[in-house]
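Q: I have a model open and would like to learn how to read its features one by one. Could you walk me through it?

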Amino acid sequence: MIAECFLDTNILVYAAIGHKSERAKYERAVELIAKEDYSTSAQVLQEFYVNVTKRADVTLAPVKAAEWVATISMKPCQDLDSAVVMRGIENAQRYQISYWDGAIIAAAERLGVKTLYTEDLNHGQAYGSVVAINPFRTH
């Protein structure tokens with residue numbers, strides 16, 4: 001196992017810009033990224049950059065967003081290659097989820113990570129060797 005957990009895009013977005021609109025999620029996300037032992041993927045870095053510079057109510061300047069990406073990418077980061085894409089497609093079909101979520105699972109699997117922090121998948125569900133945990137769930 002290369003890292004303790006895998007952080008999905010939304011966790012990083014809340015850590016970067018959630019302090020103004022989602023205080024509780026911001027605090028939990030900051031707590032998660034303060035852990036030294038997390039991983040992510042090239043897909044997550046791409047999604048993060050687009051979301052924090054274009055799609056959010058509160059955005060970051062592109063230079064600041066690039067600084068975040070540079071910092072995050074210092075952690076284990078799964079590249080996007082044809083094998084991850086194909087496994088993402090398989091996951092999407094098998095679990096009836098979006099390709100994008102399937103590819104996140106594929107990246108976590110490739111890194112050997114067992115815990116995926118996300119609010120986009122079913123809390124507690126095993127997707128192959130990866131278990132999705134919603135860190136914002138209160139019960």
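**Reading the model, feature by feature**

A: Happily, and let us start with one acidic residue: Asp81 has a relative accessible area of 30%, so Asp81 counts as partly exposed. Keep in mind that this is a predicted model.

Q: Which residue forms a salt bridge with Asp81?

A: The partner is Arg110, and the closest N and O atoms of the two are 3.1 Å apart. This pair links distant parts of the chain, with Asp81 in the loop between S3 and helix H5 (82–95) and Arg110 in helix H6, 29 residues apart. Arg110 is partly exposed too, at a relative accessible area of 39%. There is also a shared arrangement to look for: Arg87, Glu90 and Glu109 are joined into one network by salt bridges that share partners.

Q: How many salt bridges does the structure hold?

A: There are seven salt bridges in the structure. One of them brings together the side chains of Lys25 and Glu119, at 3.1 Å from N to O. Lys25 belongs to helix H2 (residues 23–34) and Glu119 to the loop between strand S4 (115–117) and strand S5 (126–127), so this pair ties together parts that are 94 residues apart in sequence. As for exposure, Lys25 is partly exposed at 22% relative accessibility, and Glu119 is partly exposed at 26%.

Q: Where do Lys64 and Glu67 lie?

A: Here the sequence spacing is the thing to read: both residues are in helix H4, three residues apart, which is about one turn of the helix. Lys64 and Glu67 form a salt bridge, with their closest N and O atoms 3.6 Å apart. Lys64 has a relative accessible area of 42% and is partly exposed, while Glu67, at 43%, is partly exposed as well.

Q: How should I read a helix such as H3, and what is its reach from first C-alpha to last?

A: Set its span beside the expected one. Helix H3 (residues 42–55) has 14 residues and reaches 19 Å from its first C-alpha to its last, close to the 20 Å expected at 1.5 Å a residue. Next, look at what is hidden from solvent: the buried residues of H3 are Gln43, Val44, Leu45, Phe48, Val52 and Thr53.

Q: Which elements do the buried residues of H3 pack against?

A: They pack against three strands and three helices that you can pick out in turn: S1 (5–7), S2 (38–41) and S3 (77–78), then H1 (9–17), H4 (62–72) and H6 (99–111). Phe48 is a good place to zoom in. Setting aside neighbours within four places in sequence, Phe48 is in contact with Thr9, Leu12, Val13, Ala16, Ala65, Trp68, Val69 and Ile72.

Q: How do I read a nonpolar core, and which residues have the most contacts inside the largest one?

A: The general idea is that in soluble globular proteins, nonpolar side chains tend to be buried together. The largest nonpolar core here has 38 residues, and Phe6, Leu7, Phe48 and Val52 are those with the most contacts inside it. At least two residues of this core come from each of S1, H1, H2, H3, H4, H6, S4 and strand S6 (130–133). H1 gives the most, with seven residues.

Q: How many aromatic pairs are there?

A: A search of the whole structure finds four. Among them, Tyr14 and Phe136 are edge-to-face, 5.2 Å centre to centre with 80 degrees between the planes. This pair links distant parts of the chain, Tyr14 being in helix H1 and Phe136 in the segment after S6, 122 residues apart. Tyr14 and Phe136 are buried. For Tyr95 and Tyr127, the ring centres are 5.0 Å apart and the planes stand at 75 degrees, so this pair is edge-to-face. Tyr95 lies in helix H5 and Tyr127 in strand S5, so the pair ties together parts that are 32 residues apart in sequence. Both Tyr95 and Tyr127 are buried.

Q: Finally, what is the order of the strands in the sheet?

A: The general idea is that strands of a sheet pair through backbone hydrogen bonds, either parallel or antiparallel. In this model, six strands form an open sheet in the order S3-S2-S1-S4-S6-S5, with mixed pairing. S3 and S5 stand at the edges with a single partner strand each, so one side of each has no neighbour in the sheet. S2 and S3 run parallel and are joined by two bridges. To find the spot on screen, look for Thr40, which stands opposite Cys77 in S3.

Key. Residues are numbered from 1 along each chain as its sequence is written. This is a predicted model: local features need pLDDT of at least 70, side-chain atom pairs count only at pLDDT 80 or more; totals for chains, interfaces and linings use all residues. Side-chain values use heavy atoms; hydrogens and water are left out. Helices (H or I, at least four residues) and strands (E, at least two) are DSSP runs, numbered from the N terminus. The expected span of a helix is 1.5 Å times one less than its number of residues. Buried means under 20% relative accessible area, exposed over 50%, partly exposed in between (1.4 Å probe, protein chains only). Contact means heavy atoms within 4.5 Å. A salt bridge is a side-chain nitrogen of Lys or Arg within 4 Å of a carboxyl oxygen of Asp or Glu. A nonpolar core is a set of buried Ala, Val, Leu, Ile, Met, Phe, Trp, Tyr and Cys residues joined through side-chain atoms within 4.5 Å. Rings of Phe, Tyr and Trp (its six-membered ring) pair if their centres lie within 6.5 Å; planes under 30 degrees apart count as stacked, over 60 as edge-to-face and the rest as tilted. Two strands pair if DSSP finds at least two bridges between them.
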